[in-house]
Amino acid sequence: MSLQVDDLRVYYRTLKGDVKALDGVSFSMEDGEILGLAGESGCGKTTLGKSLIRMDGRMRHIGGTVELDGRELPIGDDRRMNDFRFREVSLIPQYSMSAMNPTRKIGRMVRELLRSRGATLDLDELESRLSLVELPHAVLDRYPIELSGGMKQRMVMVISTLLDPSLLIADEVTSALDVSTQKAVARALIGFRDAGFVKSMIFVTHDLALTSHIADTIMVMYAGKLAEKAPATAIVKKPRHPYTKLLLDSLPEVGVRYTDKRLAGIAGSPPSLLDPPAGCRFRDRCPIAGEECAQEPPMAEIEPNHFVACWKA
Amino acid sequence: MLKLDNVTKVYKVGAFGGKVFAAVDGVSFDVQAGEVVSLIGESGSGKSTIGKMILGLASITGGSITVDGVPVKPGKDYYRHVQGVFQDPFSCYNPVFKADRVFRMIKEAYYPQVGEKEWDERVRSTVRDVRLDPDQVLGRYPHQLSGGQLQRLLIARALLLDLKLLVADEITSMLDASTRIDVLNLLAELKERGLGVLYVTHDLSLGNYLAERTVVLRRGTVVEMGVTGKVFGNPLHPYTRQLLSAVPRLHSPWEDAAPMQTCHYHENAASGAMFEAEPGHLVACAQLDACPQ
């Protein structure tokens, strides 16, 4: 067991009160697992990714524990987390365009970064990893501005995994890229896992189709809570939560003819997380909601490794 | 209705504008009334530049763009018939004012003679046309509305005019999967009312869902265009094939595009020339970069 998250609660402090962005999230990840974290904007997926590595000033750790390789991560304590960042937990940010120092050549920046962490640069290792993501070695002598978006994204991937972290969080790494670059970056991520540079990976995205190609397991979030977690094929082929089903039904696909058929969206919008309603949070938009949905549904394992938080599943 | 004929846009780049860069190079296609045409391309392909030129927001370097035979002429008369909706609905509204102020501005500019009551009724029925409840969205501030609602209000704003052509530039890329399909379905309804829609996007699956015809752009030139079913069902240009193979699909694994074959049209190609591979399906030379000019 690589990562174990128990009843994690993270709130944002605002003038109007606490925004309950993560409200009791529990899950675990195996070694070598790629977990796709999918959901729409405001469902808490980025908050979950962030709280595992660095909370920003507005975020408060209310409760719950995170255990990585048997050690508890002090996620609420910014300073103590420093020992874990980069070595144990690492992040590929969404906007790698702005993640690198524009005034340094990349090679020098990497050397300085490693020195600040008390590690030395193994040039052969770095170059072999560059070849893995199909970057020429000459990029080390260039400035970040000389690289294209996809190249920068892959460069940042190499940098953040240099110290072989146990957990890598990839937050929307492909959403700013074109489809063909997206494919190359996604394949490089799988390559990193296969080569053992990272033990496990959380791949945060809003694109369910892309996640299904990369992830072993997909976790769907809705309004600060987990809706469904299952192996990727089960989510795509046999979703059990009504939200997952409706979400999949609203995705148009290439190669399908839509002459008369129209897809349908999900009516309504997610509840405000300032004061979320009691019971199931999808109740207002759910076509099959009933009396029992006024009670909060527990996360139940209805099939091996298939967890659903719905009374009707 | 909308007709682009050999349109070119050249930007001056480099220090003191010493170099030139052709963002759009000899693009010709048309959009008929009652039709959605999707303009597909990756970043830097010039798709947004084309949208901007049609809306008169960027000057045209060469060629001509006409709407019903009238060349693009920014001004009240032109914008009465041609309107655009853009990617980011949140920055299209002034956060200080209520969202329905965009309707008020249309009235003041175009319909000052219409009575208050009649205008109010017109706004409400247009808002209902875009599948929104007037009581829920009118009189609210932009931050109280969702991205999908704001985007649909902008479409309603365009519909209040005597609209013939709507340029929709990446209008769903900031929306969630569950709401973007409603906006797409709305565009599909507009074409049934006789509007021409130019749907600019980088997302092939959305273009496939919506459009009758598809134009695929690469580095400012059209590589393939035609009826959507033919372009997506039987892609002929290697670039289109490569794009299609890179799209993640839910139910089938990623495949690799077939390597570049010899181009059938290379022998007798001229730059920008298109060849009719089958009726309603035009393809450019695959080795255009190496073609004799």
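Which residues in α6(A) meet which residues in α10(B)? On the chain A side they are A:V179, A:S180, A:Q182 and A:K183, and on the chain B side they are B:Q242, B:L243 and B:A246. The model is a predicted one.

**Helix pair between the chains**

Helix α6 of chain A spans residues 179-194, and helix α10 of chain B spans residues 238-246. Their axes come within 8 Å of each other and cross at roughly 50°. An angle of 65 to 115 degrees would count as roughly perpendicular and one under 35 degrees as roughly parallel, so α6(A) is oblique to α10(B). The crossing of α6(A) past α10(B) is left-handed. Sorted by class, the residues of this helix contact are three nonpolar, three polar and one charged.

**The contact as a whole**

Chain A gives 29 residues to the contact and chain B gives 28 residues. On the side of chain A that touches chain B, at least two residues come from each of α6, α7 (208-214) and α9 (242-249). That side of chain A has 13 nonpolar, ten polar and six charged residues.

The table sets out the class make-up of the helix contact and of the chain A side.

| Residue set | Nonpolar | Polar | Charged |
|---|---|---|---|
| Contact of α6(A) with α10(B) | three residues | three residues | one residue |
| Side of chain A that touches chain B | 13 residues | ten residues | six residues |

**Nonpolar cores**

In soluble globular proteins, nonpolar side chains tend to be buried together. The largest nonpolar core in this model holds 84 residues, and A:L37, A:I169, A:A170 and A:F203 touch the most other members. Helix α5 of chain A, residues 149-160, provides the largest share of this core, six residues. Apart from neighbours within four places in sequence, A:A170 has contacts with A:I92, A:L189, A:M201, A:F203 and A:V204. There is also a second, separate core of 79 residues, with B:M53, B:L150, B:L190 and B:V215 among its members.

**A loop residue in chain A**

A:A294 lies in the loop that runs between α9 and β11 (300-303) of chain A. Is A:A294 buried or partly exposed? It has 13 other C-beta atoms within 10 Å, and a residue is buried only if there are 20 or more and exposed if 12 or fewer, so A:A294 is partly exposed. Setting aside neighbours within four places in sequence, A:A294 is in contact with A:A278 and A:G279. Between the C-alpha atoms of A:A294 and A:C43 the separation is 20 Å, and these two residues are 251 residues apart along the chain.

Notes. Residues are numbered from 1 along each chain as its sequence is written. Chains are lettered from A and ligands numbered from 1 in the order in which they are written. This is a predicted model: local features need pLDDT of at least 70, side-chain atom pairs count only at pLDDT 80 or more; totals for chains, interfaces and linings use all residues. A nonpolar core is a set of buried Ala, Val, Leu, Ile, Met, Phe, Trp, Tyr and Cys residues joined through C-beta atoms within 7 Å. Helices (H or I, at least four residues) and strands (E, at least two) are DSSP runs, numbered from the N terminus. Two residues are in contact if their C-beta atoms, placed from the backbone, lie within 7 Å. Axes are lines fitted to C-alpha atoms, for helices over the stretch in contact, and angles run from 0 to 180 degrees between N-to-C directions. Angles under 35 degrees count as roughly parallel, over 145 as roughly antiparallel, 65 to 115 as roughly perpendicular and the rest as oblique. A crossing is left-handed if the near helix is turned anticlockwise from the far one by less than a right angle, and right-handed if clockwise. Ala, Val, Leu, Ile, Met, Phe, Trp, Tyr, Cys and Pro count as nonpolar, Asp, Glu, Lys and Arg as charged, and the others, Gly among them, as polar.
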